[in-house]
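Thanks for sharing this one. Here are a few friendly notes to read with the model open beside you.

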Amino acid sequence: MKKITLKLNNELRSVYVEPEEILLDVLREKLGVKSPKCGCDRGDCGACAVLLNGKSVRSCLVLAIETDGQEIITVEGISKDGLSKVQNTLLDKNAFQCGFCAPGMIISTTELIEKNPHPNLEEIKEALSGNLCRCTGYLPILESVQEATEEGHHE
Amino acid sequence: MAIINDFEYHKPKDINETLHLLAELNGKAKILAGGTDLIVHLKEELAKTENLIDIKGITDLNKIEISQDNIFIGAGVTFTDIIESQKLKEKLPILWEASEKVASVGIRNRATIVGNICSAVPSLDSAPALLVYDAEILVQNKTGKRTISIHDWFAGPKKTILKPDELVIAIKIPIFQHAGVYEKLGRYKGEDLAQAGIGIFVDASRNYRFAYCAVGPIPKRMKTLEDFLDNKEISDKLLEEAAELIPAEISPISDIRSSKEYRIHMMKIMFKRGLQKSVVLLKGGRS
């Protein structure tokens, strides 16, 4: 076991891990962060996405030990001080059904807006394209992100 | 899902330390960069190792360097780094376009181009561009350096000629005035591996270069096609004639992603579409 220390949702956290432990499992089982989900477990579905040093990564494809000294943000961190604009719009428009893909969608959207506050539909589709949703057919999700990022949109 | 087989994790600080580790561990180590292939393989027991050497902490490997005649892309450079480089977009448009078509943002943020060629799956998106650019792979072990042409690099599906004690330092790509595209056929946008892919390079003196991925055991240049078109002005009639040479240049298989016949059919279409686009781009137009 090796002790690693990371900044998780703006808090310094230390945890003992084996080299072969996967970040997703450590987040959920040892650090109590439940928003990243295990969908495909091989990097295809996006349900386990987290922000690692500001960039979205698949936490099912990262070893926990690789994140020693790094910064991780999950949906818990994004909504620490209340829901973000995008989260509120997704809620208002009832954009999800089962909600399993929601954390990944929110992580990808957060990353996109950071770089590009007013993306067009093509840019939104490209940013969200690695997140699979089996319920909605994507339209309400795309519409919500579009609405929340429109220029001149007020809360 | 955890990884069943135990291994030790090493995080060297520089290239020298890595080369010593590789020598000392004598073949019982794997290099970890982005991990988007390797971690899946370790989980699914397609790969086993006693040691993982994580090279992400080595700043010397995380650089894109541009000299007068060449571009060097370090072993830690991710596809996102390539896409975010305006210089690479200008100077290596085919590679830039291919990088944009790799999987999705969450994978591109992590996956490295050197990792892509080391995994060496037949569908690797970066290979057609590297082949038409005549890229070279700069490799080092404890005792010395060597340079491997991309044309010699692939030894078979998922196999390269890299030796167990060697580390890829960078990919070296010569700079030419050119235009070109990477055409990729996938079932859907987002994660899919290429069903077929073709890189197309044209320059002002009517040199044409073509390379494929996913339609043969290893990615390759299409020399018969290049010789046939060499120094000719592209016309619709010539395109049709040239497209008929494609089936003999490739050797696709039928698998879960598509049939052999579909791949051959689409390669002809992607060739014609891509070459027409490239000629327009060369004349300064937009594709």
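The points below look at one helix and the neighbours it packs against.

1. Please keep in mind that this is a predicted model. The helix to find is H6 of chain A, residues 139-149.

2. Start with the buried side. In H6(A), the buried residues are Ile141(A), Ser144(A), Val145(A), Ala148(A) and Thr149(A). They span an arc of only 115° around the axis, so they sit on the same side of H6(A). As background, an α-helix has 3.6 residues a turn, so residues three or four places apart point the same way.

3. What does that side meet? The buried residues of H6(A) pack against three helices of chain A: H3 (85-92), H4 (102-115) and H5.

4. Now take H3(A). Its axis and that of H6(A) come within 9 Å and cross at roughly 135°, which means that H3(A) is oblique to H6(A). The crossing is right-handed. On the H3(A) side, Lys85(A), Val86(A), Thr89(A) and Leu90(A) make the contact, and on the H6(A) side Ser144(A), Val145(A), Glu147(A) and Ala148(A) do. By class, that contact has four nonpolar, two polar and two charged residues.

5. H5(A), residues 121-128, packs on H6(A) at an angle of about 125°, with the axes 10 Å apart. H5(A) is therefore oblique to H6(A), and H5(A) passes H6(A) in a right-handed crossing. Leu121(A), Ile124(A) and Lys125(A) of H5(A) meet Leu142(A), Val145(A) and Gln146(A) of H6(A). The residues here divide into four nonpolar, one polar and one charged.

6. A residue to click on is Val145(A): it is buried, and it takes part in the contact with H3(A) and in the contact with H5(A).

Methods
Residues are numbered from 1 along each chain as its sequence is written. Chains are lettered from A and ligands numbered from 1 in the order in which they are written. This is a predicted model: local features need pLDDT of at least 70, side-chain atom pairs count only at pLDDT 80 or more; totals for chains, interfaces and linings use all residues. Axes are lines fitted to C-alpha atoms, for helices over the stretch in contact, and angles run from 0 to 180 degrees between N-to-C directions. Helices (H or I, at least four residues) and strands (E, at least two) are DSSP runs, numbered from the N terminus. Angles under 35 degrees count as roughly parallel, over 145 as roughly antiparallel, 65 to 115 as roughly perpendicular and the rest as oblique. A crossing is left-handed if the near helix is turned anticlockwise from the far one by less than a right angle, and right-handed if clockwise. Two residues are in contact if their C-beta atoms, placed from the backbone, lie within 7 Å. Ala, Val, Leu, Ile, Met, Phe, Trp, Tyr, Cys and Pro count as nonpolar, Asp, Glu, Lys and Arg as charged, and the others, Gly among them, as polar. A residue is buried if 20 or more other C-beta atoms lie within 10 Å of its own, exposed if 12 or fewer, and partly exposed in between; C-beta atoms are placed from the backbone. The arc is that of the directions from the helix axis to the C-beta atoms.
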